[in-house]
Each structure stands twice: as structure tokens, then as C-alpha cells.
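Here is a friendly walk through one protein model, from its nonpolar interior out to its charged pairs. Keep the structure open beside you as you read.

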Amino acid sequence: RTGDGETQSVIAIPLLSSRGAIGLIYADTRRRTRVFDQADLDFVTLAAALTTPLVEAALHEPLGKADGVGGDALSWVHEVRAKLDPQQLPQWPGLGVAAYSRPGTDSAGDVYDVMKMPNGLAAFLVGHVTAAPVRIVQVVAQLRGAFRVAGLHADPPHVQLKAMNWLLFDEDDPCRVDMAVVLVNPKSGAAEVASAGKIGALVIDAKGAPRKVVSTQTPAVGTTKNHEYAGSGVRLQEGETLALFTRGWTAVCNEAGTALGESKFVETLCDGFGQSAGAAISEIISDLTAFLKNGRVPDDITLLLVHRPSG
């Protein structure tokens, strides 16, 4: 509260980079209106955290440079995205989480996030943005910010997709986001799922058999104005693993130039059934050495595993 004659309440959050303070986010309310609360402070703090890497990157690489097509723009997108990706994944009693992500040599656009919601649920987002380089960076930051705020409000996945679509749809500056949002109850394994576009999402049961949990026929976020997304319920039984992945995996090639393909990738995923999420990720990387170490990764690849152990 300010107590002055014009403003009722003020929030000011510095943008703190590795080089020190590089900016400030300021918000105020007029006299005799609402007073900011803790939720407002959390939101602006989150906005500052998401904005800082973009401002810092812009100071190093002028935005006009990223508008072009080439290695400089791709490196810039990868650098910003690396700063936005989760550095540590939260864990839950009875629910293990692990992720693997690698930048593409020809294109970029993957985004993922994991959030421990105030009500105890686990929230997951995996997606791929297709747009011009600067637009990709903007959309990735907007997606993560919207996902975090929606988590604070406990919005279901289909509501989140509708809000993100409203936020991102722009005929003059188009983008396409293939994505999935999943909420999981760590105690019961009950989950809510909503997807848009072509995104990989399946459950691997305790015997290694996969079952798909999303449809690839739903319009991608940002492509259809005011689309009403639908959610569905699934249950992660003991011993089962939820796998969320971007489509870049299907284009990964070995040294001979042979693409991995979806069926081979899903087969490799299923070979790791019954293991912890971290152990399964390690085994997948080892099994795909011919592709990931000796081959080529043209597009970003992201894999997020959520395992519910037995017993």
C-alpha cells in the first residue's frame, strides 16, 4: 500500500540477470481500487523470471538478427529455451518424473514444464512451437507463464488449452503449437489429459504394452480461433508409465540417414517398462546410441516420463 494521493497499491520486481539488474516490471492500482495480494505478487514475480532471459538474450543478440533464417537465429532460440527449461524436476511420493531434451540442428521449438500444484496434483506440459524464430521465443515464454498461472488456479487441461489458444491466435503473426497438458493425482493415479495437434502421449502398462491417451485430430493451439478443446480422464495404474514426447523423435536419423520412425521409438519406450522414470530414460538413450550419438537430430526432441511404482 502506498498511502499517496494517486496510487492504492504498487508492485515492482527487478529483472535480475547474470550481469545484474537489467530492467524492472512495475504495476500499480489507482486510488480507491483494489490492493494487490500475494497471488498478484507471485504472478508478477513469475512474469519477471520468464521475461529476464528474453531481455538478456535481446541485449546479446538484436531481435532483427533472429528474424532471419540461419544458424544464428537457431542458436538464439536454443539459448533462450535452455534458460526457460526446468532445471530441477519436482518429485512426489508415489510418482517419479524424469525428462530428456536435446536441441535440433535444423529447427527448434520444443517446450516442456513440470509443476507441483498448490492442491498437491502434478502438472505436466510438453509441446512444440512452429513459427518464425522471434515468435517461437515469445510463444514458449507465454506458454510457460500461462501454464504456471493456470496451475495456481487449478484449471483443468482443456481449459488451459482454450486459454492458450485465445492468447496465441493471431492471423497476422501465426504460430502452431502441438501440445499436451496433463494433471495427475500422485496418490490415486487419476489423470486429466487434453491435447492439441500432433503430440505424443501414451501410457505403458506393467507388461510393456502401450495405449494412446490423446487424439492427433484436434487442431493445434494457435491455428483455429476460439476452439473448444475437450479433456479426457485416464488412470495411471501401479507399475505404469506416462510418456509425453514431441514429434521430433520420429525424424532422428542414424549415421546411414535412416529415420528412427514412430514405431521404432515407441518400441524402445516400451522396452523400459516397469523401471523408474530415470532408469528408463537412461536405457532409452543407451538403446538409441546409433541415432543420438552417431546420427543426426534435425529437430528438437523432448521426452517426459511419469512413473507410478508398484507397491
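## Inside the model

In this predicted model, Met-179 is in contact with Leu-125, Val-126, Gly-127, Leu-143, Leu-161, Met-164, Ala-194, Ser-195, Ala-196, Ile-199 and Val-221, leaving aside residues up to four places away in sequence. A second, separate core has 24 residues, among them Ala-98, Ala-243, Leu-260 and Cys-270.

Met-179 also belongs to the largest nonpolar core, which has 36 residues; together with Leu-143, Leu-161, Val-177 and Val-221, Met-179 touches the most other members. Two or more residues of this core come from each of helix 1 (38–60), helix 3 (71–84), strand 4 (110–116), strand 5 (122–130), helix 4 (133–153), helix 5 (157–168), strand 6 (176–184) and strand 7 (190–196). Helix 4 gives the largest share, nine residues.

Strand 7 is also the place of Val-193. Is Val-193 buried or exposed? Its relative accessible area is 3%, under the 20% cut-off, so Val-193 counts as buried. Val-193 touches Pro-157, Val-181, Val-182, Val-213, Val-214, Ala-230, Gly-231, Ser-232 and Val-234, again without residues up to four places away in sequence. Tyr-229 is 36 residues from Val-193 along the chain, and their C-alpha atoms are separated by 11 Å.

## On the surface

Now to the outside. Val-10, Leu-24 and Tyr-26 make up a nonpolar surface patch, with about 290 Å² of accessible area together. Val-10 sits in strand 1 (residues 7–17) and is partly exposed, at 33% relative accessible area.

## Charged pairs

The structure holds 13 salt bridges, including these:

| Acidic residue | Basic residue | N to O distance |
|---|---|---|
| Asp-28 | Arg-30 | 2.9 Å |
| Asp-173 | Arg-135 | 3.7 Å |
| Glu-228 | Lys-162 | 2.9 Å |

Which parts does the pair of Asp-173 and Arg-135 tie together? Asp-173 lies in the loop between helix 5 and strand 6, while Arg-135 is in helix 4, so the salt bridge ties together parts 38 residues apart in sequence. Asp-173 is partly exposed at 30% relative accessible area, whereas Arg-135 is buried at 8%.

Glu-228 and Lys-162 link distant parts of the chain, 66 residues apart: Glu-228 is in the loop between strand 9 (210–212) and strand 10 (232–235), and Lys-162 is in helix 5. Glu-228 is exposed, with 54% relative accessibility, and Lys-162 is partly exposed, with 39%. Arg-81, Asp-85 and Asp-300 are joined into one network by salt bridges that share partners.

In the remaining pair of the table, Asp-28 is partly exposed at 28% relative accessibility, and Arg-30 is partly exposed at 44%.

Note on methods
Residues numbered from 1 in each chain as written. Predicted model: local features only at pLDDT ≥ 70, side-chain atom pairs only at ≥ 80, totals over all residues. Heavy atoms only, no water. Core = buried A, V, L, I, M, F, W, Y, C linked by side-chain atoms within 4.5 Å. Buried < 20%, exposed > 50% of the residue type's maximum accessible area, 1.4 Å probe, protein only. Helix = DSSP H or I, 4+ residues; strand = E, 2+ residues; numbered from the N terminus. Contact = heavy atoms within 4.5 Å. Patch = residues over 30% accessible without salt bridge, like charges linked within 9 Å, V, L, I, M, F, W, Y side chains within 5 Å. Areas by Shrake-Rupley, 256 points an atom, 1.4 Å probe, with all protein chains shown as cover. Salt bridge = Lys/Arg side-chain N within 4 Å of Asp/Glu carboxyl O.
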